[in-house]
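Let's walk through this structure together, one feature at a time. Keep the 3D view open as you read.

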Amino acid sequence: METLQYKGRLKNYLKLPLYMIIVFVIGDIVMFFYDTNLARIISIFVLFYSASTFLFYKMHRQHFEADIIDYAIHYGTVQKELLKNFKVPYVITDYQGKIMWMNDEFAKVTDKQLGYNKSITSIFAEITRESIEKAKTDSFDIHIDFFDRKYLACLQRMEVSSPLVGSEIVSNADETEGLVAILLYDETDYLSVKQQLDEEHMVIALLYVDNYDEVFDSVENAKQSMLKAVIDRRINKYFAASQAIVRQLEKDKYLIIFQNKYLADFEKDRFSLIDDIKSIKMGNEIETTISMGVGTGGSCYTQSAEYSHMAIDIALARGGCQVVIKNGSKVSYYGAKGKEVERNTRVKARVKAQALREIMDSREDVIVMGHKMSDADCLGAAIGVYCAARQIGKPVHIVLDHITGSLRPLIESFTNNEEYAEDMFISSEVALNMVTDRTLVMVVDTNRPTYVECPELLNQSKNIVVIDHHRQIEEVIEGPILSYIEPYASSASEMIAEVLQYFSDKIEINATEADAIYAGILVDTNNFMSKTGVRTFEAAAFLRRNGAEVTRVRKMLRENIDTYKARAEIVRGADTYKGIFAIAECRESKVESPTVVGAQASNELLNIVGIKASFVLTAFNDKVYISSRSIDEIDVQSIMARLGGGGHLNIAGAQISGKSIDEVRKELEDTLDEMIEKGEIKL
């Protein structure tokens with residue numbers, strides 16, 4: 001019999017008595033230096049121990065090896081039987097995918113003979129040569145559809161030296177390579193039950209009539225009950241097919257509960273209930289609009305209910321007339337094709353103004369910041385906050401890192417005035433050193449944390465207030481103690497002007513401050529030509545009464561000849577896309593504020609006959625800025641939202657990093673094509 005070669009721990013374990021002979025010999029030699037007589041006695045013991053050890057090995061080696069071989073054969077046989085009768089389908093292939101061995105269950109599932117040795121790909125197309133190669137370095141899973149069953153295939157590398165690959169299982173394995181073991185787990189029933197549970201999961205929705213009071217005030221008393229009955233009937237009829245529970249909570253609020261399997265139908269239908277309600281005409285001069293917040297994907301009913309509340313808040317903050325679905329961290333939007341619902345009541349502005357004053361009273365100082373590359377609206381809103389904080393004696397500072405050419409005249413009207421402190425405008429670095437637990441951080445003209453002038457301030461303060469007029473998306477500033485977001489407002493400056501009227505019985509605003517706030521409204525409304533409402537003109541009138549001078553503001557907002565030429569060059573190089581879109585580029589510009597010029601050019605392009613929406617792409621500071629505008633037919637906010645931006649129905653934008661202007665333009669055109677194909681944009 002060929003001598004067995006032992007390896008690893010077994011080898012060391014069997015040779016331990018031999019290793020001890022060496023230890024005893026060394027010890028005996030050392031003893032000769034101390035006690036010769038004792039060393040001779042130890043030498044006799046060592047000789048006896050060595051002789052008996054070698055004799056024991058020689059006499060029992062064959063029996064010992066026979067026992068090991070017997071155990072290995074028994075172990076391999078047992079293992080073979082276990083694998084053969086294993087109720088989980090199991091197959092072994094080489095790295096080319098050729099089947100080397102399969103157990104009975106695998107043969108039964110695949111209806112193949114045990115001797116079948118073709119490629120595994122001939123049975124499962126999903127298991128390719130590439131996936132077999134990948135299994136050399138990393139175990140992974142593949143989902144497989146096989147006839148009417150679904151399997152999870154687990155691929156993992158096997159060494160040829162493994163006891164699983166003995167002569168009785170795989171006799172023709174290439175010992176220079178390993179093999180791949182594949183286990184099939186039938187997950188058909190599991191997926192079926194999972195799908196059933198997902199379909200039966202409870203979805204909670206809140207439906208609000210956005211302009212209930214305004215609509216019913218425009219209807220005769222005799223028709224109000226009829227109008228209410230029609231609204232109720234259409235809401236109940238829409239959800240009747242889904243066997244939903246519809247309960248009216250208040251006169252303009254409904255709670256709707258249905259199973260998750262019907263949600264896909266509503267999404268496919270794009271919640272046509274919105275248009276159905278808008279079509280109701282019972283003598284009402286104003287269209288009835290609704291908003292819905294749908295919560296699903298929660299770990300419990302309570303969490304789904306919280307999602308629905310968060311979703312309806314987002315829908316209302318985005319202007320209403322839309323459906324927002326919150327499924328865990330994912331948020332989807334439907335509707336929102338109409339104009340934001342403007343409310344003539346000022347109750348909300350008064351409540352927010354009183355809450356803001358209480359918050360400011362309880363803080364030591366105030367730091368205000370807007371978005372990066374601040375514009376006139378951002379500055380105007382910050383100046384309004386400055387006036388409010390000064391009214392109650394709180395120190396206030398405005399964070400401003402980069403002053404654009406268009407803002408410089410407005411900034412200089414404060415920095416050159418001795419009435420204002422030198423630290424009225426501070427940098428982000430100074431603000432970070434100044435903020436404490438008692439500091440109120442106010443964010444104006446943006447609600448996205450990545451867009452603010454100093455994002456680090458949001459992490460260092462728990463006292464955050466947000467005032468903005470842009471629609472909310474998934475990325476929002478988390479945990480503000482006060483949030484005032486009204487997408488129907490023309491500008492953040494308009495919102496601040498309203499707040500100031502209720503902040504104090506007699507607010508003190510001088511002409512310089514009124515000019516700055518007025519300039520913010522003027523710029524964001526394109527000289528009162530877009531997104532203006534009754535409250536916009538009321539805010540302008542309030543500022544006019546406090547000393548705002550139109551001529552003075554116009555002079556401060558004038559531009560130099562280079563800026564004018566740059567804007568004209570952008571307009572000259574514009575192209576039309578699909579006949580209704582104007583797309584222009586600003587690649588290189590010597591002007592100080594190319595993004596502002598891009599926004600102005602985007603406004604100019606709307607003056608071209610047939611153009612429904614304009615887009616200007618500006619490369620600046622390793623980013624591509626998109627300024628988008630429309631008059632009434634195209635929702636540019638939904639377009640920009642797909643590119644990571646946001647804004648309003650008619651005014652929106654986006655900032656894209658890591659891409660060239662050509663790549664961004666291609667992405668914009670692809671987005672427009674996709675929305676046209678889906679019917680979201682009509683040519």
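**Salt bridges, a sheet and a cavity**

Lys578 has a relative accessibility of 45%, so this residue counts as partly exposed. The model you are looking at is predicted, and Lys578 is a good place to enter it. The side chain of Lys578 meets that of Asp673 in a salt bridge, with 3.6 Å from N to O. Because Lys578 sits in the loop between β18 (575-577) and β19 (581-586) while Asp673 belongs to helix α24 (residues 661-677), the pair ties together parts that are 95 residues apart in sequence. Asp673 is also partly exposed, at 26% relative accessibility.

Stay with helix α24 for a moment. Asp670 and Lys666 both lie in this helix, four residues apart, or about one turn. They form a salt bridge whose closest N and O atoms are 2.9 Å apart. Asp670 has a relative accessible area of 36% and is partly exposed; Lys666, at 47%, is partly exposed as well. Salt bridges also link Asp575, Glu585, Arg665 and Glu669 in a network.

The count for the structure comes to 27 salt bridges. Another of them joins Asp186 and Arg149, at 3.0 Å from N to O. This pair links distant parts of the chain, 37 residues apart: Asp186 is in strand β5 (residues 179-186) and Arg149 in strand β4 (residues 149-158). Asp186 is partly exposed at 39% relative accessible area, and Arg149 is partly exposed at 28%.

Now turn to the sheet. Six strands make up an open, parallel sheet in the order β14-β13-β12-β15-β16-β17. Which strands stand at the edges? They are β14 (425-426) and β17 (482-485); each has a single partner strand, so one side of each is left without a neighbour in the sheet. Strands β12 (residues 365-369) and β15 (residues 439-444) pair in the parallel sense over five bridges, and Val366 has Leu440 in β15 as its bridge partner.

Strand β13 leads us to a cavity. There are two cavities of 30 Å³ or more, and the second largest holds about 40 Å³ of space. Its lining includes Met369, Cys378 and Val399. Both α13 (376-391) and β13 (396-399) give two or more residues to this lining, with the largest share, three residues, coming from α13. By type, the lining residues are seven nonpolar, two polar and no charged.

Cys378, one of those lining residues, is buried, with a relative accessible area of 3%. The closest cysteine sulfur, in Cys454, is 13 Å from that of Cys378, too far for a bond. The structure holds zero disulfides.

Terms used:
Residues are numbered from 1 along each chain as its sequence is written. This is a predicted model: local features need pLDDT of at least 70, side-chain atom pairs count only at pLDDT 80 or more; totals for chains, interfaces and linings use all residues. Side-chain values use heavy atoms; hydrogens and water are left out. On a 1 Å grid over the protein atoms alone, a cavity is a set of points where a 1.4 Å probe fits but cannot get out, and a pocket is an open set with protein on both sides within 12 Å along at least five of seven lines; lining residues have an atom within 4 Å of a point. Grid points are joined across faces, edges and corners, and a volume is the space filled by probe spheres set on the points. Ala, Val, Leu, Ile, Met, Phe, Trp, Tyr, Cys and Pro count as nonpolar, Asp, Glu, Lys and Arg as charged, and the others, Gly among them, as polar. Two strands pair if DSSP finds at least two bridges between them. A disulfide is a pair of cysteine sulfur atoms within 2.5 Å. Buried means under 20% relative accessible area, exposed over 50%, partly exposed in between (1.4 Å probe, protein chains only). A salt bridge is a side-chain nitrogen of Lys or Arg within 4 Å of a carboxyl oxygen of Asp or Glu.
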